[in-house]
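Here are a few exercises to work through with the model open beside you. Try each task before reading its solution.

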Amino acid sequence: MRTPAPAQLLQVWERGSGPSAAACGLLLLGSSCDEHSGETLAALPLGRRDALLLQLRARLFGAEIGTVASCPQCAATVEATFRCDDLLLTSPGTDAAVFEHVSPTHGVHVRFRLPDSNDLLAVEQCGDVDEARQLLLERCVLATSDAAAGRDARGLAVSLQGEIAQAMAQADPQADLQLAFRCPDCGHDWQPQFDIARFLWQELHAWALRMLRDVDMLARAYHWSEDEILALSPRRRQAYLELCAP
Ligand SMILES: [Zn+2]
């Protein structure tokens, strides 16, 4: 992994203007993981993708992450700080490509693979959550011993579908990160999900707007090109900004 230069990061931001968090995640990894092709990155299980995105986040914006949430009980604002390392699981699961779930209640064997970015991109087209869950199962279930359902995951009992979804989450815990919040006002505990792809993209968006504003200011003051301004070290850019600030 390498740290993309400011000019390249701006290009990534420019290309990812759509609403797809999965596509944004791939753009971010594509800019920094030269050792993998785009196809390989898209086929990484989401836990492995997220581990790479956490490493990239530490490179781009530092290891410390500060978040603000609203307490679901009393609406108080709760701030939390944690480190990228805290979110990187030490045993992020196996490298196995195929997993098996044996349902004790249904007596059925199901073979499945872990969801990847290609699956997320497909699922993002779905109209609602149920349809998305169905499509994900259809794509990731490889075989079942349920003769009635055959290979079609849609034919499986709803409770069995739930078991498979749970087995998938257990097989790829890095993809299913939950934070632990406690409200200082009312003591309520809750565990919101943390989506590093979405979070990092929002940070990149804010960074890009700041950077463009800085470029605008320096270009007006010194008549340098965008390339020249982006090539300045952050420290030198900051020093010039202070010099030309009104
Ligand atoms: Zn509260």
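**Exercise 1. Get a feel for the whole chain.**
Work out what share of the 246 residues is buried, and how many helices and strands there are.

*Solution.* Start with burial: 26% of the chain's 246 residues are buried. Keep in mind that you're looking at a predicted model. Next, go through the secondary structure, which adds up to eleven helices and seven strands. Then check the overall extent: a box of roughly 75 × 50 × 35 Å, taken along the principal axes, holds the C-alpha atoms. Finally, turn to contacts with a separation of 6 or more: 62% of them join residues 24 or more positions apart.

**Exercise 2. Split the chain and look at where the parts touch.**
Find the domains, then say which element gives the most to the side of domain 1 that touches domain 2.

*Solution.* Step one is the split: domain 1 takes 6-90 + 179-211, and domain 2 takes 99-170. Over C-alpha atoms, their centres are 27 Å apart. Step two is the contact itself, with eleven residues coming from domain 1 and eight from domain 2. Step three is to see who supplies the domain 1 side: α2 (21-32) and α4 (46-61) are the elements giving two or more residues. Of these, α2 gives the most, with four residues. By class, that side of domain 1 has eight nonpolar, two polar and one charged residues.

**Exercise 3. Take a closer look at α2.**
Is α2 largely enclosed or open, and does its length agree with or differ from what you'd expect at 1.5 Å a residue?

*Solution.* Count first: ten of the twelve residues of α2 are buried, so the helix is largely enclosed by the rest of the structure. Among the buried ones are A21, C24, L26, L29 and S32. Now see what does the covering: it includes α1 (6-15), α3 (38-42), α4, α6 (117-123) and α9. For the length, twelve residues should span 16 Å, and the end C-alpha atoms of α2 are 17 Å apart, so the two agree.

**Exercise 4. Place D195.**
Find where D195 lies, and decide whether D195 is buried, partly exposed or exposed.

*Solution.* D195 sits in the loop between β7 (189-190) and α9 (196-222). Count its neighbours: 16 other C-beta atoms lie within 10 Å. Buried needs 20 or more and exposed needs 12 or fewer, so D195 comes out as partly exposed. To finish, pair D195 with M217: they're 22 residues apart in sequence and 34 Å apart in space, C-alpha to C-alpha.

Terms used:
Residues are numbered from 1 along each chain as its sequence is written. This is a predicted model: local features need pLDDT of at least 70, side-chain atom pairs count only at pLDDT 80 or more; totals for chains, interfaces and linings use all residues. Domain bounds come from an automatic or database domain assignment. Two residues are in contact if their C-beta atoms, placed from the backbone, lie within 7 Å. Ala, Val, Leu, Ile, Met, Phe, Trp, Tyr, Cys and Pro count as nonpolar, Asp, Glu, Lys and Arg as charged, and the others, Gly among them, as polar. The expected span of a helix is 1.5 Å times one less than its number of residues.
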